Amino acid sequence: MKNFASLLENSKKAVRYWWLLLIVGVVLFVAGILVFVYPAQSYVGMSLLFGWAMLISGVLEVVLSATNRHYVTGRGWMLAGGIIEIILGIILIFNVALSAATLPIFVGFWLMFRAFSAIGLGSDMNTIGITGSGWTILSGVLLLICALWMLFQPLVFGTVAVIAWAGVSLLLAGIASFALSLQLHQAHRCLGGDC
């Protein structure tokens with residue numbers, strides 16, 4: 001019984017930072033909208049946009065993971081994904097020539113990591129009975145399809161196709177983070193006795 005009480009207390013601490021994922025979702029969603037608002041931007045602009053979006057998203061996910069050492073669900077996925085996003089973001093920001101040439105591959109791998117993270121976290125949330133976790137899993141599956149398509153045919157994607165798929169993918173990644181943050185907020189309320 002003491003272990004269960006300890007687990008419950010650690011879970012309460014873990015989900016109190018649900019708003020960090022909400023910020024990640026908003027940043028990614030806004031970045032997706034900006035891609036469609038300014039479609040004529042060059043690859044250099046896209047590389048910098050993705051670089052900054054990845055870097056900010058990665059930092060927030062690492063902070064969320066680090067502040068939740070007793071996080072019950074998916075802490076490892078979140079930490080690994082955040083570190084990978086920081087590395088990819090730094091590469092895109094500081095090596096513009098390389099990132100412009102390999103943008104579809106960078107975006108494809110980034111989307112794949114975000115997809116696995118969303119699927120894993122959604123599955124973990126489903127395991128502990130948080131309603132709506134199916135939407136997080138579905139958004140992860142859709143991101144995975146986009147990522148695989150981009151990775152299997154990176155040369156097929158011209159500038160317009162990369163911009164369109166990148167915009168859609170950023171919107172989906174933002175929605176996935178937003179949905180997960182709402183699930184964590186619900187878990188936070190339930191663990192606090194407000195259910």
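Visitor: In this predicted model, how far apart are the closest N and O atoms of the salt bridge that E61 forms with R114?
Guide: A salt bridge requires a side-chain nitrogen of Lys or Arg within 4 Å of a carboxyl oxygen of Asp or Glu. E61 and R114 form such a pair. Their closest N and O atoms are separated by 2.8 Å.

Visitor: How many residues apart in sequence are the parts that E61 and R114 tie together?
Guide: E61 belongs to helix 3 and R114 to helix 6, so the pair ties together separate parts of the chain. The distance between these parts along the sequence is 53 residues.

Visitor: Are E61 and R114 buried or exposed?
Guide: The criterion for burial is a relative accessible area under 20%, whereas exposed residues have over 50%. By that criterion, E61 and R114 are both buried.

Visitor: Which residues are joined into one network by salt bridges that share partners?
Guide: The structure holds two salt bridges. Besides the bridge between E61 and R114, there is one between E85 and R114, with closest N and O atoms 2.7 Å apart. This second pair links helix 4 to helix 6 across 29 residues of sequence. Through shared partners, the salt bridges make one network of E61, E85 and R114.

Visitor: With the side chain of which residue does the side chain of S177 make a polar contact?
Guide: S177 is located in helix 8, residues 159–191. Leaving out residues up to four places away in sequence, S177 touches L21, V24, G25, L28 and R114. Among these contacts, a side-chain polar contact of 2.6 Å pairs S177 with R114.

Visitor: Why does S177 count as buried?
Guide: The limit for burial is under 20% relative accessible area. S177 counts as buried because its relative accessibility is 4%.

Visitor: Within what arc do the buried residues of helix 4 fall, seen down its axis?
Guide: Helix 4 spans residues 75–94 and reaches 29 Å from its first C-alpha to its last, close to the expected 28 Å. Its buried residues are M78, G81, G82, E85, L88, G89, L92 and I93. These residues line one face of the helix, because seen down the axis they fall within an arc of 140°.

Visitor: Which exposed residues does the face of helix 4 turned away from its buried side carry?
Guide: Exposure here means over 50% relative accessible area. On the face of helix 4 turned away from the buried side, the exposed residues are G76 and F94.

Visitor: Which residues does G89 touch, not counting residues up to four places away in sequence?
Guide: G89 has its place in helix 4 and counts as buried because its relative accessibility is 0%. Its C-alpha atom is separated by 9.0 Å from that of S47, which lies 42 residues away along the chain. With residues up to four places away set aside, G89 touches G51, M54 and L55.

Visitor: Which residues touch the most other members of the largest nonpolar core?
Guide: The largest nonpolar core has 41 residues. Helices 2, 3, 4, 6, 7 and 8 each supply at least two residues of this core. One of the residues with the most contacts to other members is L170, and the contacts of L170 beyond four places in sequence include F50 and W110. The residues touching the most other members are M46, F50, L103, W110, L111 and L170.

Conventions:
Residues are numbered from 1 along each chain as its sequence is written. This is a predicted model: local features need pLDDT of at least 70, side-chain atom pairs count only at pLDDT 80 or more; totals for chains, interfaces and linings use all residues. Side-chain values use heavy atoms; hydrogens and water are left out. Helices (H or I, at least four residues) and strands (E, at least two) are DSSP runs, numbered from the N terminus. The expected span of a helix is 1.5 Å times one less than its number of residues. Buried means under 20% relative accessible area, exposed over 50%, partly exposed in between (1.4 Å probe, protein chains only). The arc is that of the directions from the helix axis to the C-beta atoms. Contact means heavy atoms within 4.5 Å. A polar contact is a pair of N or O atoms within 3.5 Å; within protein, one must be able to donate a hydrogen and the other to accept it, and residues adjacent in sequence count only if both atoms are side-chain atoms. A nonpolar core is a set of buried Ala, Val, Leu, Ile, Met, Phe, Trp, Tyr and Cys residues joined through side-chain atoms within 4.5 Å.
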